[in-house]
Amino acid sequence: MLFSNDAFGQHYCDERLFNDEVDQTELMDQCLRYYANILTPFSPLVTAKIHEILSFNLPVDMIATAHGVVWRKDATQIIHKYLEWADQYQEDRITIFYDSMSNNTRMMADAIAQGIYEVDPQVAVKIFNVSRHDKNEILTSLFRSKGVLVGSSTMNNVMMPKVAGMLEEITGLRFKNKKAGAFGSFGWNGGAVDRIHTRLTDAGFETVLGLKTKWKPDGKALLACREHGKEVARQWALHPLKVLDIKQEKPAVNDPVMPVNKPTESASQAEVASVSTTDFAGQSLVCTVCQWVYDPALGEPNQDVAPGTEWQDVPDYFLCPDCSLGKAVFEPLAKEVAA
């Protein structure tokens with residue numbers, strides 16, 4: 001029996017004592033969460049210590065941790081998982097987290113995610129609002145990701161306080177083999193994006209992209225955000241991407257920060273008209289990604305969309321409650337035809 005103290009444990013409480021008695025998916029999720037938030041900065045030591053223990057050539061029939069379940073069935077499975085997680089672990093995933101004063105940066109996050117999905121539907125994109133989501137959940141997603149995009153409104157020429165706090169946590173965890181970029185909206189100046197870019201670089205990330213937009217992003221700015229997401233998907237791809245026949249316009253990405261100028265009112269109206277939906281009166285719409293259905297009779301009270309709100313009146317920053325993608329991924333729900 002190996003008494004491992006904190007190693008191989010979890011912040012997990014169940015009346016059942018042994019690993020084979022609990023839900024296996026839930027157990028491994030908790031193990032990963034524990035490793036990501038606590039042991040990540042010690043990964044080199046984890047690898048060295050595990051190899052030292054294994055070199056004794058002693059059978060490990062049971063692992064008793066200081067907290068969490070006792071490993072008695074296939075006890076070494078968690079040892080092999082630790083070796084995998086300690087080796088600069090990443091999945092084909094991108095984490096986006098942000099904070100926003102007026103939903104402007106939230107709209108940017110949504111549009112960037114849409115652009116990523118359009119170029120690489122295989123990549124998992126997870127969006128978090130740091131004011132609403134548990135920080136440990138965000139850090140676990142980042143641990144699993146190949147890259148992270150961090151967004152913030154600019155307040156007094158600096159980033160939002162909760163974004164700054166998350167960056168402190170991230171710096172301390174010393175993630176390896178990950179890319180990063182900054183984005184955000186601003187009024188008088190865009191200091192938040194510059195500061196985020198610097199903090200991510202100092203934390204050891206390969207910082208390659210940045211994006212600013214002034215005031216509330218209109219149609220043209222949102223299209224620029226989607227193009228930005230497409231470029232992120234191309235540069236961070238872990239597998240060959242399908243080449244489209246249609247040549248797509250790309251924004252310049254030479255500078256770590258790409259300002260997006262506020263367009264004229266006429267251009268804004270034209271772009272918004274191209275992405276808005278004005279002919280779905282009375283119809284329900286379905287998310288083509290996760291199949292969640294928007295019913296205008298019910299609205300979406302969690303996003304301040306009152307019952308009776310038609311689709312064309314739903315705000316542009318609306319996100320699907322299940323997959324966090326925006327209005328562009330919705331289409332009319334096919335009506336059943338009576339036999």
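The paragraphs below lead through the confidence of a predicted model, and then through its nonpolar cores, a small set of paired strands and two residues with positive phi.

Because pLDDT is the predictor's confidence in each residue, a reading of this predicted model may begin there: the chain averages a pLDDT of 84, and 87% of the residues score at least 70. Over residues 245–277, however, pLDDT stays under 50, and for that stretch the model has 46 contacts beyond four places in sequence.

In soluble globular proteins, nonpolar side chains tend to be buried together. Here the largest nonpolar core holds 50 residues, of which Trp71, Ile78, Tyr82, Trp85 and Phe97 touch the most other members. Several helices and strands each supply at least two residues of this core, among them α1 (24–39), α2 (43–54), α3 (77–86), α5 (135–144), β5 (147–152) and β6 (179–186), and the largest share, 8 residues, comes from α1. Since domain 1 (2–87) and domain 2 (91–236) both give residues to this core, it lies between them. The surroundings of Trp85 give a local view: leaving aside residues up to four places away in sequence, Trp85 touches Met28, Cys31, Leu32, Tyr35, Ile78 and Phe143. A second core, separate from this one and made of 37 residues, includes Ile116, Val119, Leu149 and Val329.

Strands of a sheet pair through backbone hydrogen bonds, either parallel or antiparallel. In the open sheet of 3 strands considered here, the order is β10-β9-β11 and the pairing is antiparallel; the edge strands, β10 (293–294) and β11 (330–332), each pair on one side only. Strand β9 (residues 285–287) is joined to β10 over 2 bridges in the antiparallel sense, and Val286 stands opposite Val293 in β10.

Two backbone conformations deserve a separate look, because most residues other than glycine have a negative phi. Asn156, in the loop between β5 and α6, has instead a positive phi, near 55°, while Trp215, in the loop between β7 (206–214) and α8 (219–236), has a positive phi near 60°. As to accessibility, Asn156 has a relative accessible area of 72%, which is over 50%, and therefore counts as exposed. Trp215, with a relative accessible area of 38%, falls between the 20% and 50% limits and so is partly exposed.

Conventions: Residues are numbered from 1 along each chain as its sequence is written. This is a predicted model: local features need pLDDT of at least 70, side-chain atom pairs count only at pLDDT 80 or more; totals for chains, interfaces and linings use all residues. Side-chain values use heavy atoms; hydrogens and water are left out. Two strands pair if DSSP finds at least two bridges between them. Helices (H or I, at least four residues) and strands (E, at least two) are DSSP runs, numbered from the N terminus. A nonpolar core is a set of buried Ala, Val, Leu, Ile, Met, Phe, Trp, Tyr and Cys residues joined through side-chain atoms within 4.5 Å. Buried means under 20% relative accessible area, exposed over 50%, partly exposed in between (1.4 Å probe, protein chains only). Domain bounds come from an automatic or database domain assignment. Contact means heavy atoms within 4.5 Å. pLDDT is the predictor's confidence in each residue, from 0 to 100.
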